Amino acid sequence: MEVKATQISMADRKQDHIDLAFKADMANTGQDTRFYYEPVLSGHPVEDLDLSTSFLGKTLKAPMWVSSMTGGTEKALTINRRLATACAKYGLGMGLGSCRPLLKDHQRLQDFDLRDIIGDKLPLYANLGIAQVEYLLQHGRGQDIEQLIHLLRADGLIVHINPLQEWLQPEGDHFIHPPIDTISRLLDMFQYPVIVKEVGQGMGPESLAALMRLPVAAIELAAHGGTNFAKLELLRSADHQREAYDAVARLGHSIGEMVNWINAMEADEAEDVQCHQYIISGGVRDFLDGYYWMHQLTYPAIYGQASGFLRHAAESQEALDQYIQSQIRGLQLAQTYLKVR
């Protein structure tokens with residue numbers, strides 16, 4: 001029998017049990033009923049338990065995605081480099097924040113130029129808003145998007161669809177055409193993979209179905225429940241604007257709703273579906289949420305986080321590494337002992 005060495009004595013451990021017993025009482029905290037817990041079927045998960053998965057044509061060591069962050073400031077430079085360093089170390093995929101500043105000039109290129117850090121074997125995606133994509137296509141500047149991809153040596157483009165954010169943003173850009181039409185135009189002329197995402201409200205069933213019928217590489221849910229950019233813009237607005245539009249930030253759809261709609265589309269109209277990969281994000285608090293929703297979705301999926309990574313990356317590289325290590329170990333635990341109901 002293999003027993004792990006420990007530096008704490010049995011007496012100290014038992015005293016800890018006595019001191020912490022009341023704090024560990026779960027009588028009034030509720031039970032997580034999403035899983036069957038099967039404790040007798042496996043030994044402890046080993047550290048090299050394989051979590052790898054194929055996503056967007058590349059292999060991730062764990063099914064985790066660093067959702068689009070930020071750029072254009074000195075602080076963003078440090079954060080993005082820490083994130084890319086962690087992705088390279090733990091084998092994760094990464095979406096950049098809005099690369100719009102690079103359409104004007106390359107002063108902030110270093111904020112986004114992460115390929116040498118993350119390496120060639122992991123997915124790295126550039127990012128533009130639907131308003132910028134529409135503008136470039138309308139003005140015959142579609143080649144600017146391809147030049148951006150070349151500049152960053154990215155694998156493809158994330159297009160974020162954010163009508164509520166733009167509506168509420170004091171300096172927001174309004175777009176003229178339905179985003180689904182702009183994305184269709186982009187796919188017709190663009191040779192790189194395209195991911196489409198919302199920014200914290202999620203999408204309703206008709207929007208999801210319309211996107212699923214297009215040959216997009218993946219859809220990121222960005223559901224209601226995580227970082228909400230409509231709410232973020234309200235916090236930047238004048239008092240009267242916040243009062244008038246406060247309820248708007250509560251609009252949107254949860255991961256559960258969106259997963260059900262995607263599964264229903266697959267069941268009823270599978271022959272029309274062209275998008276077969278998904279990033280689950282928007283209120284994913286931890287590895288248990290990620291593990292649960294990946295198994296609930298019919299299609300291959302990974303899970304993404306923004307604020308969790310951002311908070312730790314802003315602190316230090318060590319804090320970020322520790323956070324990711326805990327997520328990976330948690331996924332190994334879940335894979336060993338938990339079955340989704």
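Student: How are H6 and H7 oriented to each other, roughly parallel or oblique?
Tutor: Helix H6 (residues 130-138) and helix H7 (residues 142-152) pack at about 125 degrees, axes 6 Å apart, and are therefore oblique to each other. Oblique is what remains once angles under 35 degrees (roughly parallel), over 145 (roughly antiparallel) and 65 to 115 (roughly perpendicular) are taken out. Axes are lines fitted to C-alpha atoms over the stretch in contact, and angles run from 0 to 180 degrees between N-to-C directions. Helices are DSSP runs of H or I with at least four residues, strands E runs of at least two, numbered from the N terminus.

Student: Where does this come from?
Tutor: The model is predicted: local features need pLDDT of at least 70, side-chain atom pairs 80 or more, and totals for chains, interfaces and linings use all residues. Residues are numbered from 1 along each chain, and side-chain values use heavy atoms, without hydrogens and water.

Student: Which residues of H6 and H7 meet?
Tutor: Val133, Leu136 and Leu137 of H6 meet Gly142, Asp144 and Ile145 of H7, contact being heavy atoms within 4.5 Å.

Student: Switching to S6, is it buried or exposed?
Tutor: In strand S6 (residues 124-129), 6 of the 6 residues are buried (under 20% relative accessible area, 1.4 Å probe, protein chains only), so S6 is largely enclosed by the rest of the structure.

Student: Which strands pair with S6?
Tutor: S5 (residues 93-95) runs parallel to S6 and is joined to it by 2 bridges; pairing takes at least two DSSP bridges. S7 (residues 156-160) also pairs with S6 in the parallel sense, over 5 bridges.

Student: Which residue in S7 partners Gly129?
Tutor: His160. On the S5 side, Met94 stands opposite Leu124.

Key:
Buried means under 20% relative accessible area, exposed over 50%, partly exposed in between (1.4 Å probe, protein chains only).
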